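User: I would like to go through the aromatic contacts and the helix packing of this protein, one question at a time. Please reason through each answer before giving the value or name.

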Amino acid sequence: MEKKLVYTGKTKNVYALENGNYELLFKDDCTGKDGVFDPGENSIGLTIDGVGDVNLRMSIYFFEKINQAGIATHFVSADLGKTTMEVKPAKVFGKGLEVICRYRAVGSFYRRYSDYIQEGAPLPAYVETTFKNDAKGDPLVTKDGLIDLGIMTGKQYDDIKDMTQKITKIVADEMTARGLELYDIKFEFGYDADGSVMLIDEIASGNMRVYKDGKYIDPMTLSKLFFA
């Protein structure tokens with residue numbers, strides 16, 4: 001099948017396919033700084049052999065489980081030999097929106113609200129949304145903001161929140177079964193021609209914080225533990 005490069009990303013390239021779908025090529029490039037891996041960084045800092053493969057493996061594992069649960073995603077199929085994933089076309093919200101679900105108060109959540117909560121305290125599947133904008137530090141945006149700015153409808157927001165909490169539980173349960181604990185996870189959503197919401201991008205270890213016996217597990221170690 002013929003394919004055409006349409007976007008070169010930091011960790012993935014995107015190709016248009018003849019059948020109307022898209023192909024994501026998972027690369028071994030990682031975000032980081034000074035040769036140290038950091039999923040929160042905005043630039044490529046290093047290359048780790050096999051990271052594209054493990055990110056794709058985890059994405060396949062979870063997309064298949066989420067699809068089986070009846071939750072809409074863009075996942076169609078994957079080819080581990082080529083480190084590629086075929087996905088349905090989807091439009092992103094605005095110029096890109098990240099949706100975070102938090103089970104514990106860590107990271108930026110704790111930094112913002114430390115006057116009111118202890119670090120590591122449990123949260124009830126708290127959902128927040130941020131605009132993808134490196135220069136502005138990925139600013140938080142509320143449901144009202146998303147509606148009033150014309151980014152999405154109230155129903156689309158409610159669907160995203162509901163889907164986020166259900167998907168997070170699927171991931172958290174899989175971690176628990178391996179003696180691990182999910183603290184938080186980051187997703188991206190898009191919508192189809194009818195405006196229906198679907199989970200897009202990837203579900204990889206670099207998009208989540210996972211702990212074992214109270215200690216943070218770095219993404220590459222997490223991938224190894226998950227598939228051990």
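Analyst: Helices here are DSSP runs of H or I with at least four residues, numbered from the N terminus. The model is a predicted one.

User: Between which two helices does the loop with leucine 149 lie?

Analyst: Leucine 149 is exposed, because its relative accessible area of 56% is over the 50% cut-off. Its C-alpha atom is separated by 9.2 Å from that of glycine 94, which is 55 residues apart from it along the chain. The loop that holds leucine 149 lies between α3 (143-148) and α4 (154-176).

User: Which kind of aromatic pair do tyrosine 61 and phenylalanine 226 form?

Analyst: The count of aromatic pairs in the model comes to twelve. For tyrosine 61 and phenylalanine 226, the ring centres are 5.3 Å apart and the planes make an angle of 85°, and since planes over 60 degrees apart count as edge-to-face, the pair they form is edge-to-face.

User: How many residues apart are the two partners of that pair, tyrosine 61 and phenylalanine 226?

Analyst: Tyrosine 61 belongs to helix α1 (residues 51-68), whereas phenylalanine 226 belongs to helix α5 (residues 219-226), and the pair thus links distant parts of the chain. Tyrosine 61 is partly exposed at 26% relative accessible area, while phenylalanine 226 is buried at 2%. Along the chain, the two partners are 165 residues apart.

User: Which residue has its charged end over the ring of phenylalanine 226?

Analyst: Phenylalanine 226 is part of one aromatic cluster with Tyr61, Phe62 and Phe227. The charged end in question sits 3.8 Å from the centre of the phenylalanine 226 ring, and it belongs to arginine 178.

User: Is α1 parallel or oblique to α4?

Analyst: The contact between these helices brings Tyr61, Phe62, Lys65 and Ile66 of α1 against Ile167, Ile170, Val171, Glu174 and Met175 of α4. The two helices pack with their axes 10 Å apart and at an angle of about 125°, and α1 passes α4 in a right-handed crossing. Because an angle of about 125° falls outside the ranges for roughly parallel, antiparallel and perpendicular, α1 is oblique to α4.

User: What is the relative accessibility of tyrosine 113, the residue that counts as partly exposed?

Analyst: Tyrosine 113 lies in helix α2 (residues 107-113) together with phenylalanine 109, four residues apart and about one turn of the helix. Phenylalanine 109 is buried, with a relative accessible area of 6%. Tyrosine 113 counts as partly exposed, and its relative accessibility is 27%.

Notes:
Residues numbered from 1 in each chain as written. Predicted model: local features only at pLDDT ≥ 70, side-chain atom pairs only at ≥ 80, totals over all residues. Heavy atoms only, no water. Phe/Tyr/Trp six-rings, centres within 6.5 Å; stacked < 30°, edge-to-face > 60°. Buried < 20%, exposed > 50% of the residue type's maximum accessible area, 1.4 Å probe, protein only. Lys NZ or Arg CZ within 6 Å of the ring centre and 35° of its normal. Axes fitted to C-alpha atoms, helices over the stretch in contact; angles between N-to-C directions. Parallel < 35°, antiparallel > 145°, perpendicular 65-115°, else oblique. Left-handed = near helix turned anticlockwise from the far one by under 90°. Contact = heavy atoms within 4.5 Å.
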